[in-house]
Amino acid sequence: MYEKILFNITYGTECERDQDPCAEILLNQQIVIPKQPIKNNQQVEFELDLEKDTQYKLTINRTNHNSKNKQVLSIKSFHADGIDLNRVLDHMYFYPQYPAIWYKQQIESGNELPEKQKGWRDWGFNGQWVMNFETPFYTWLLKTI
Amino acid sequence: MGYELRNTILYLAFENNIMTPKEKYHLFRTNKKFCVAPWTSFQVYADGRVATCSIGKETLGNVNDKSVSQILSNNPIVKRIKTNMLNNVADTNCTICDRRSIDEDGFEYYRDHLNKMIEDKDIDYNDIDNFDLRSIDLHWSNICNLRCVMCRPSQSSLIAKDEGVTITPVTKDTISKITEMIVKNQYKIREIYLSGGEPFYIPQNVELLKKLSNKDVPIRINTNMHWNENNRLFKILKTFNNVNLTMSVDALHEKFNYIRNGADWEVFIKNFQYIKKNTNFDIRINTIFSVMNADDLCANIKYFYQEQNIKNITINVLYRPKELSARNYPLQKKQLIIDQIEKLMTQIAPEDVNLIGNLKNCITQIKSDNQHDYKDALDRVTKKNKKPWQTVLTDLV
């Protein structure tokens with residue numbers, strides 16, 4: 001492998017009725033961390049083996065919001081090899097999956113809802129957070145922050 | 001895995017890079033003392049002295065005595081500076097950059113400016129003998145048409161004449177060699193910085209630009225804007241695509257004329273409007289904050305920022321002559337200036353972090369304890385002005 005990068009994510013949660021949000025982490029559709037319920041302040045650590053000169057997509061699938069109760073999943077901190085990637089989060093997008101009925105109501109009321117939100121760290125809706133990056137990882141990082 | 005095998009694999013993996021991307025990232029983002037200047041840039045003064053940059057305190061050599069490559073490639077001072085930088089150690093050459101008074105995200109100091117220009121380029125920073133020209137700072141003549149009151153003989157031929165100071169100029173042969181060096185590297189140079197003196201009256205600037213075929217090479221010029229559309233340098237500059245004109249202006253109207261002794265506000269404004277209307281040059285305003293313009297700073301910034309829509313504004317704090325530092329402003333009036341600046345800061349867009357940082361610097365400066373009396377210094381530096389300073393700088397009387 002060309003580069004090994006150790007990622008560390010600290011989640012935050014706000015839940016009503018003891019229903020935890022779930023998260024699954026994928027790299028280019030390959031599961032890195034299987035879907036699991038997330039508690040407040042839970043840390044997840046994983047090492048990625050990366051190929052040279054390759055485009056990657058790191059995805060967090062946020063699920064288990066039933067659209068009835070308040071439930072927020074947040075990224076509290078995000079590190080790679082100990083480097084704080086807080087400023088990287090400003091450049092990344094969250095793609096919300098709006099509840100179908102609510103979405104229809106909003107559209108009918110004339111409210112346009114964005115397909116994606118840049119820099120969102122707090123996710124009330126289910127959806128996907130995506131970080132597109134390329135290798136060499138550190139060259140990409142230097143360009144990004 | 002054995003150490004040698006692991007290193008071989010790393011070598012193969014990064015054979016196209018001089019440093020590993022990880023090393024380079026940490027150099028540019030983690031190391032707080034690193035600057036590309038000693039590997040990639042140099043400044044030439046009017047008397048031929050060479051420094052790492054306009055901030056660098058030490059003279060590395062003189063181009064009238066040695067070639068540029070001799071000065072930069074095998075010089076114990078340069079090696080020391082580079083070694084210290086690589087080890088994240090403050091070097092005495094770089095104390096001004098190290099002593100940055102604002103430590104906030106987004107505030108760009110000169111080192112950041114230089115680093116940002118070439119951080120995407122692969123340069124062998126691990127080799128302390130390496131020099132790979134990417135930017136150059138040419139103060140290579142003091143020819144000037146003004147006597148700015150805070151200036152000195154090395155940067156104004158008129159002041160040199162007044163004070164009987166002889167500056168041994170850079171020789172023609174040396175000018176040719178430096179010009180050749182720039183021409184040879186013109187497609188990888190990220191900035192040619194022309195200062196002076198007044199660059200629009202310095203003949204070697206014209207000769208240099210005539211020889212450049214790369215019309216995209218970025219050129220940055222400090223100017224007092226006292227020249228006309230028939231100026232030779234101006235005519236050539238119009239053929240370049242990336243020109244930044246940094247206009248020196250510290251106050252408006254009569255006070256501008258007084259501080260920039262010999263200048264005429266009407267001429268400045270006429271040329272400023274001409275440039276705005278007839279060229280694609282980027283315009284930057286550069287203001288020197290001193291005891292002389294402390295109470296005009298806000299009016300000056302507002303005029304350019306709000307009325308003329310110039311967002312690229314730099315305010316440099318004057319440290320020399322030390323008597324004219326804004327810290328020596330009359331004590332009883334300091335709070336008024338601070339209030340004005342703080343109010344102005346609320347009117348600056350948050351994205352203009354440099355300007356906000358510069359204004360904070362001004363507050364820090366004026367809040368500092370008074371150390372010197374400016375009156376004798378003003379008597380001295382304004383003796384060539386037509387009016388006594390008391391008639392123009394009335395707030396200082």
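Here are some friendly questions and answers about this predicted model.

Me: How many residues does each chain bring to the contact between chain A and chain B?
Reply: Let's take the two sides in turn. Chain A gives eight residues to the contact. On the other side, the number from chain B is nine.

Me: How do the residues on the side of chain A that touches chain B divide by class?
Reply: Chain A contributes eight residues here. Two of the residues on this side are charged and one is polar. The nonpolar class holds five.

Me: Which way do the side chains of strand β4 of chain B point, and are they buried or exposed?
Reply: In a regular strand, side chains alternate between the two faces of the sheet. In β4(B), residues 135-138, B:S135 and B:D137 point one way, while B:I136 and B:L138 point the other way. As for their surroundings, all of them are buried.

Me: Which residue is the bridge partner of B:V44 in β4(B)?
Reply: Start with the strands: β1(B), residues 41-44, runs parallel to β4(B), and four bridges join them. Within β4(B), the partner of B:V44 is B:L138.

Me: What is the bridge partner of B:L138 in β6(B)?
Reply: β4(B) also pairs with β6(B), residues 191-194, in the parallel sense over four bridges. B:L138, a buried residue of β4(B), has a bridge partner there too. That partner is B:L194.

Me: Which residue in β10(B) stands opposite B:L245?
Reply: Strand β8 of chain B (residues 243-248) and strand β10 of chain B (residues 282-289) run parallel and are joined by five bridges. Opposite B:L245 in β10(B) stands B:I283.

Me: Which residue of β11(B) is the bridge partner of B:F289?
Reply: β10(B) pairs with β11(B), residues 313-317, in the parallel sense, again over five bridges. In β11(B), the partner of B:F289 is B:V317.

Me: Why does α14(B) count as roughly parallel to α15(B)?
Reply: Helix α14 (residues 297-307) and helix α15 (residues 334-346) of chain B have axes 9 Å apart. They pack at an angle of about 20 degrees. Angles under 35 degrees count as roughly parallel, so that is the name for α14(B) and α15(B): roughly parallel.

Me: How many nonpolar residues are in the contact of α14(B) with α15(B)?
Reply: From α14(B) come B:L297, B:C298, B:I301 and B:K302, and they meet B:Q340, B:I341 and B:L344 in α15(B). One of these residues is polar and one is charged. The number of nonpolar residues is five.

Conventions:
Residues are numbered from 1 along each chain as its sequence is written. Chains are lettered from A and ligands numbered from 1 in the order in which they are written. This is a predicted model: local features need pLDDT of at least 70, side-chain atom pairs count only at pLDDT 80 or more; totals for chains, interfaces and linings use all residues. Two residues are in contact if their C-beta atoms, placed from the backbone, lie within 7 Å. Ala, Val, Leu, Ile, Met, Phe, Trp, Tyr, Cys and Pro count as nonpolar, Asp, Glu, Lys and Arg as charged, and the others, Gly among them, as polar. Axes are lines fitted to C-alpha atoms, for helices over the stretch in contact, and angles run from 0 to 180 degrees between N-to-C directions. Helices (H or I, at least four residues) and strands (E, at least two) are DSSP runs, numbered from the N terminus. Angles under 35 degrees count as roughly parallel, over 145 as roughly antiparallel, 65 to 115 as roughly perpendicular and the rest as oblique. A residue is buried if 20 or more other C-beta atoms lie within 10 Å of its own, exposed if 12 or fewer, and partly exposed in between; C-beta atoms are placed from the backbone. Two strands pair if DSSP finds at least two bridges between them.
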